[in-house]
Amino acid sequence: MSEDGEEISLNRREYLLAAVGATGYSSTLGFALESELEPELAVEPEEIDRQFEEFLYSNYPEPQVQKIDKNQENLLFDIHYVEGEEMPEEDIEIIESLLEDTGLNSVLLENEEKLDRTDYQQYGSVAPELLEDRDSLWSEQTDPIMKGNAIQLFFVPGKPEMPNKGQLKTFVDGQELWVDGKTIQGSSPRAVMAFDEPYRVKGTVHEIGHTLGLEHTEREDDIMNYEITSDTCLEFSDEQVRTMNSNL
Ligand SMILES: [Zn+2]
């Protein structure tokens with residue numbers, strides 16, 4: 001409820017709960033209203049009903065859907081690729097095994113329908129156009145059934161040229177900044193990534209960390225440092241694992 005007793009609409013509430021994290025080339029962009037960040041991301045077994053299951057089998061590879069454990073809570077990731085940006089299977093396995101630390105059965109589901117590169121470009125390259133706006137990439141390309149049951153990860157083309165390593169743009173305090181990845185936290189966490197090799201897996205894990213409530217850290221080799229480098233360790237600290245768990 002707001003101060004004048006008027007009920008806050010869901011969108012307004014989502015907006016209030018929303019927080020932003022991003023990896024930038026030279027700027028720290030993450031901030032969050034931590035006390036209000038209480039996403040419930042775990043999908044209970046009873047939520048995997050027949051309709052949901054049918055939807056999953058018709059949109060994602062069968063071996064991936066079969067990884068969902070109907071005897072425990074699951075943490076589902078709904079992966080959308082722009083054509084040509086697919087992750088190799090080994091990378092999927094590395095990320096899933098890192099997420100075992102959350103104690104939940106984590107399943108990365110790769111949407112079988114790839115987004116055409118030209119169709120992708122119509123959304124633009126500015127982070128709000130990709131993740132936040134009413135007609136954003138996230139809004140239009142995510143099935144409603146997945147918005148409430150999985151975290152969306154969008155893999156989009158990156159630009160290797162310096163100084164703009166990433167292709168995405170975002171705005172902080174009215175300032176335009178270039179980033180490689182950006183996450184929206186809150187009740188419908190989602191992230192967009194434009195990481196080039198060799199930092200793709202680390203960048204993806206970093207954004208996943210944001211989706212599960214992690215903020216940036218100062219330690220240079222930490223996976224949640226705002227900048228991903230060859231020194232970045234591909235692991236979560238015990239404290240980060242505790243924080244992620246408290247958000248699940
Ligand atoms: Zn970040």
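Here is a friendly question-and-answer tour of the predicted model above.

Student: How should I read the numbering and the confidence limits?
Tutor: Residues are numbered from 1 along each chain as its sequence is written. This is a predicted model, where local features need pLDDT of at least 70, side-chain atom pairs count only at pLDDT 80 or more, and totals for chains, interfaces and linings use all residues.

Student: What is the mean pLDDT of the chain?
Tutor: pLDDT is the predictor's confidence in each residue, from 0 to 100. In this chain, 80% of the residues reach 70 or more, and the mean is 81.

Student: Which helix has the lowest confidence?
Tutor: Helices here are DSSP runs of H or I with at least four residues, strands are runs of E with at least two, and both are numbered from the N terminus. Confidence is highest in helix 3 (residues 62-65), at 97, and lowest, at a mean of 35, in helix 1 (residues 10-17). Over residues 1-37 the pLDDT is below 50, and beyond near neighbours in sequence this stretch has 71 contacts in the model (C-beta atoms, placed from the backbone, within 7 Å). The name you want is helix 1.

Student: How many helices and strands are there in the chain?
Tutor: Using those DSSP runs, the chain has 10 helices and seven strands.

Student: What percentage of the residues in the chain are buried?
Tutor: A residue is buried if 20 or more other C-beta atoms lie within 10 Å of its own, exposed if 12 or fewer, and partly exposed in between, with C-beta atoms placed from the backbone. Out of 248 residues in the chain, the buried share is 40%.

Student: Why is strand 4 described as largely enclosed by the rest of the structure?
Tutor: Look at its two faces: I151, L153 and F155 lie on one side, Q152 and F154 on the other, and all are buried. Strand 4 (residues 151-155) is largely enclosed because its buried residues number five of the five.

Student: Which strands pair with strand 4 in the parallel sense?
Tutor: Two strands pair if DSSP finds at least two bridges between them. Strand 2 (residues 74-81) runs parallel to strand 4 and is joined to it by five bridges, with Y81 partnering F155. Strand 7 (residues 190-193) is also parallel to strand 4, over four bridges, and there F155 partners M193 while Q152 partners R190. The names are strand 2 and strand 7.

Student: Which strand forms a hairpin with strand 7?
Tutor: Both faces of strand 7 are covered, with R190 and V192 buried on one side and A191 and M193 buried on the other. An antiparallel partner, residues 175-184, is joined to strand 7 by four bridges, and T183 stands opposite A191. The hairpin has five residues between its strands, and G186 in the turn has a positive phi of about 105°. The partner is strand 6.

Student: Is V179 buried or exposed?
Tutor: V179 lies in strand 6, and its C-alpha is 9.0 Å from that of M193, 14 residues away in sequence. Because V179 has 25 C-beta neighbours inside 10 Å, it counts as buried.

Student: Why does Y81 count as partly exposed?
Tutor: Y81 is found in strand 2. Leaving out residues up to four places away in sequence, Y81 touches E86, K114, L115 and F155. Y81 counts as partly exposed because its C-beta neighbours inside 10 Å number 19.

Student: At what angle do helix 4 and helix 9 cross?
Tutor: Two packed helices are described by the angle between their axes and the distance between the axes. Axes are lines fitted to C-alpha atoms, for helices over the stretch in contact, and angles run from 0 to 180 degrees between N-to-C directions. D91, I94, I95 and L98 in helix 4 meet R200, V201, T204 and V205 in helix 9. The axes of helix 4 (residues 89-98) and helix 9 (residues 200-211) come within 11 Å and cross at roughly 35°.

Student: Which residues does UniProt list for "domain: Peptidase M10 metallopeptidase"?
Tutor: UniProt positions use the numbering used here, feature names are shortened, and annotations may be inferred rather than shown by experiment. In the model, the listed stretch is 32% helix and 0% strand, and its end C-alpha atoms are 11 Å apart. The unreviewed UniProt entry gives residues 203-230.

Definitions and conventions: Contact = placed C-beta atoms within 7 Å.
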